[in-house]
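Take a look at the protein below. This briefing starts with its cysteines and then moves on to the fold, the helices and the surface.

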Amino acid sequence: QIVITNHSVVIQDALNARHSDSGEGMLGAYDFLIVDEGHDFIQAAQSGLEFDLSSSELHMLMGLCGRIESALSSTAEQNGGKRELTELCDEFRSGTSNIEKDLAAYGLQLAKGGILKTSPNSLEEHPSVKSALAPHGLEGANRIATSLFECCHQFVTALTKLLTKWEDGAGESVKQARESVRNYFNYISEMGAEAMALLQPE
């Protein structure tokens, strides 16, 4: 199979594959890859691999939750799981909203920005880095990152179990429904994992 795409799709596909159960991203398996705009690949990779934990990212997660709920709604109804689906989505939105409030409070508490962590650690001894360090903010950042990871992980795990339960009775239609939300699941899982990795630089 030959896939022709651009660099931003390749980067997103690699990120999705890293967090998917099958090890495949949205492009699936391919033999050859032709990348358009290859001269921009390095800059695009740097931008694409950055992680930003912000209010807008949290709103994006809530929006994805709405898309998942909409995509699975008819399947849930056919399998008597509409209420369970709604409860899981409401719980995720509520958890994400609470994290957004914690993030805003954290920003106010921190007062001014700074560097929380560096890799390698020896960078922290450099005078310009040392003057910008804000180690007192590390505990709050860890708490927020852990909350987001747990919220995302619990949501995707619970929905995956629900879909597996429905598959026993409905088979093919549930498989199609699962496929329709696979990339959303991958993105949410990736957000949780990246939040945890944020303060554990390699």
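The structure, a predicted model, holds zero disulfides. A disulfide is a covalent bond between the sulfur atoms of two cysteines. The distances below show why none is counted here.

**Cysteines**

- To count as a disulfide, two cysteine sulfur atoms must lie within 2.5 Å.
- For Cys-89, the closest cysteine sulfur belongs to Cys-65. The gap is 3.9 Å, so it is too far for a bond.
- For Cys-152, the closest cysteine sulfur is in Cys-151. That distance is 5.7 Å, again too far for a bond.
- Cys-89 has 0% relative accessibility, so Cys-89 counts as buried.
- Cys-152 is buried too, with a relative accessible area of 1%.

**Overall fold**

- The protein chain contains seven helices and two strands.
- Along the sequence, the order is β-α-β-α-α-α-α-α-α.
- A box of roughly 65 × 45 × 20 Å, taken along the principal axes, is filled by the C-alpha atoms.
- Of the 202 residues in the protein chain, 36% are buried.
- Take the contacts with a separation of 6 or more: 77% of them join residues 24 or more positions apart.

**Helix 4**

- Helix 4 covers residues 82-110, which makes 29 residues.
- How far should helix 4 span at 1.5 Å a residue? The expected span is 42 Å. The end C-alpha atoms of helix 4 are 42 Å apart, so the two values agree.
- Cys-89 is one of the buried residues of helix 4. Others on that list include Leu-85, Leu-88, Phe-92, Ile-99, Leu-103 and Tyr-106.
- The buried list also includes Glu-100, Thr-96 and Gly-95.
- Ala-111 comes just after helix 4 and takes a positive phi of about 70°.

**Thr-75 in helix 3**

- Helix 3 runs over residues 55-78 and contains Thr-75.
- Is Thr-75 buried or exposed? Thr-75 has a relative accessible area of 6%. Buried means under 20%, so Thr-75 is buried.
- Which residues touch Thr-75, leaving aside its neighbours within four places in sequence? Thr-75 is in contact with Trp-166, Val-174 and Ala-177.

**Surface and charge**

- About 11800 Å² of the protein chain is exposed. Carbon and sulfur atoms supply 53% of that area.
- The protein chain carries 15 positive and 29 negative side chains.
- The centres of these two sets lie 7 Å apart.

Conventions:
Residues numbered from 1 in each chain as written. Predicted model: local features only at pLDDT ≥ 70, side-chain atom pairs only at ≥ 80, totals over all residues. Heavy atoms only, no water. Helix = DSSP H or I, 4+ residues; strand = E, 2+ residues; numbered from the N terminus. Buried < 20%, exposed > 50% of the residue type's maximum accessible area, 1.4 Å probe, protein only. Contact = heavy atoms within 4.5 Å. Areas by Shrake-Rupley, 256 points an atom, 1.4 Å probe, with all protein chains shown as cover. Lys, Arg positive; Asp, Glu negative; His and termini not counted. Charge placed at Lys NZ, Arg CZ, Asp CG, Glu CD. Expected span 1.5 Å × (residues − 1).
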